[in-house]
Each structure stands twice: as structure tokens, then as C-alpha cells.
Amino acid sequence: MSFLRRRSATPAGPDFDVLAMDPGDWPGNLGAGLLPAPDGTCQGVFLRYDLFGGRGPAMIIGNLPEGSPAREVAEGEIPFEVGQLLLALENDEEVTVAGTEDTPVLQGDNLLIVRRLKLSESRISCVQFDRSDGVLVTIAAWDRPITDDLYALLKPLPAELFQQG
């Protein structure tokens, strides 16, 4: 799968392919955030998909490589992307992880082991899976279930989306 390879050229943004939904496939606005390290490298990318009509964010998809500090969460703590979703919604409610469940999902010809996180806030759906290049993908959605057909929409986004200038 092409999105599981590191790019050889050094882009202005992340040095790994970002797996997400193409902005053209989403009926709203897309925002992207880069997590910089002190040395200037990219420690992760998160994409925020907002609905039209001012209805607020519906989904955040994060791509965090190995070694990213945003991946380091204590037992029961929410992933970085869930925290970003709560911030975007201006929801300061305390949310914790109540449990996880591993589920096999086919993406094309490839099998993903998807961790479904059960959260104390039932309106948030959250799943995670590891790519073969060590990048952790987390999808957090507000008031919408994450179904298996979403994985078919995930693809690497062009590096040009993340170039500065």
C-alpha cells in the first residue's frame, strides 16, 4: 500500500505520508495542524473536518509517528485527537477511556486491527490503528458512529497540502 511508505524527499511539512479523507470527499471545511518538535521536525498532523452551516467540527483524524509526545497518554486518558475535538467544541467536560475493543477491518486487500475506544462521553466515537511505518492513526468523531466504510475513504493526502509558503 503506497501510504505505508515514507517519502524519500523532505517536504516542508511532515516526513511521513498523512492518511486521511480527501478534502474533496468532505461536504464541509478542512483545517490541518502540525505538531512541531523543538528541532523543527514534524511530530504529527491532525486534520479537523468541520460541517457547513456552522454546526461545528464533526471529525478529527490524527497521524502521529513513533516518538511523538502526543502519543504518550496514561492509562484511562483520552487520545490527543479526542482532546482536540473537545477543545474545538468548547466542551470542558471530563472524559476518560472506559475500555477498548480490537476489531479486524479490511481496507482493500489489507487487514487492519482497529482499536475501538469506549469513552465516558458516549457522543464521541474514537478508533485507532497502527500503520506499518509506525504512524498511529486516530479518528475521533462527534455525535456520529465510525463505521467500517470510513476506512475505504482513507487515503494519503498530497504533500503539497502541508507545505509552508
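**Strand pairing, helix packing and the largest pocket**

In the predicted model, strands S6 and S7 run antiparallel and are joined by 3 bridges. Strand S6 comprises residues 110-119 and strand S7 residues 124-130, and the connection from S6 to S7 is a hairpin that passes through 4 residues. Within this pairing, Leu117 is found opposite Cys126 of S7. Leu117 also belongs to the lining of the largest pocket, where it is one of the residues that lie nearest the pocket centre. Strand S7 itself is mostly covered, with 6 of its 7 residues buried.

On the other pairing of S7, the partner is strand S8 (residues 136-142), and the antiparallel pairing of S7 with S8 extends over 7 bridges. Two of the facing positions may be named: Val127 stands opposite Ile139 of S8, and Phe129 stands opposite Val137 of S8. The two strands form a hairpin with 5 residues between them, and in the turn of this hairpin Gly134 adopts a positive phi of about 90°.

Strand S8 is in turn paired with strand S4, again in the antiparallel sense, over 6 bridges. Here Ile139, the residue of S8 that faces Val127, is the bridge partner of Ile61. Strand S4 (residues 57-64) is mostly covered, since 8 of its 8 residues count as buried under the 20% limit of relative accessible area. A further 6 bridges join S4 to strand S3 (residues 42-51), and these two strands likewise run antiparallel; within this pairing, Arg48 has Ile60 of S4 as its bridge partner.

These pairings belong to an open sheet of 7 strands, arranged in the order S2-S3-S4-S8-S7-S6-S5 with antiparallel pairing. Strand S2 (28-36) and strand S5 stand at the edges of the sheet; each has a single partner strand, so one side of each is left without a neighbour in the sheet. Neighbouring strands of the sheet are turned against each other by 20° on average, when direction is ignored.

At the level of the whole protein, the model contains 2 helices and 9 strands, and their succession along the sequence follows the pattern β-β-β-β-α-β-β-β-β-α-β. Of the 165 residues, 46% count as buried. Among the contacts with a separation of 6 or more, 49% are made by residues 24 or more positions apart.

Helix H1 (residues 80-88) lies across S2, S3, S4, S6, S7 and S8, and its direction is at about 150° to that of S4. Gln84, which is located in H1, is in contact with Phe46 and Ile60 once its neighbours within four places in sequence are set aside; Ile60 is the S4 residue that is bridged to Arg48. A further spatial relation links Gln84 to Ala140, for although 56 residues separate the two in sequence, their C-alpha atoms are 9.1 Å apart in space. In the loop between H1 and S5 lies Asn91, which counts as buried because its relative accessibility is 18%, below the limit of 20%. When residues up to four places away in sequence are not counted, Asn91 touches Leu86, Arg123 and Trp142.

The largest pocket of the model has a volume of about 260 Å³. Its lining consists of 19 residues, of which Val73, Glu77, Pro79, Leu117 and Gln128 lie nearest the centre. At least two lining residues are supplied by each of H1, S5 (97-107), S6, S7 and S8. Divided by class, the lining comprises 9 nonpolar, 4 polar and 6 charged residues.

How values were computed: Residues numbered from 1 in each chain as written. Predicted model: local features only at pLDDT ≥ 70, side-chain atom pairs only at ≥ 80, totals over all residues. Heavy atoms only, no water. Contact = heavy atoms within 4.5 Å. Buried < 20%, exposed > 50% of the residue type's maximum accessible area, 1.4 Å probe, protein only. Pairing = 2+ DSSP bridges. 1 Å grid on protein atoms, 1.4 Å probe; cavity = no way out; pocket = protein on both sides within 12 Å on 5 of 7 lines; lining within 4 Å. Points joined across faces, edges and corners; volume = space filled by probe spheres on them. Nonpolar A, V, L, I, M, F, W, Y, C, P; charged D, E, K, R; others polar. Axes fitted to C-alpha atoms, helices over the stretch in contact; angles between N-to-C directions.
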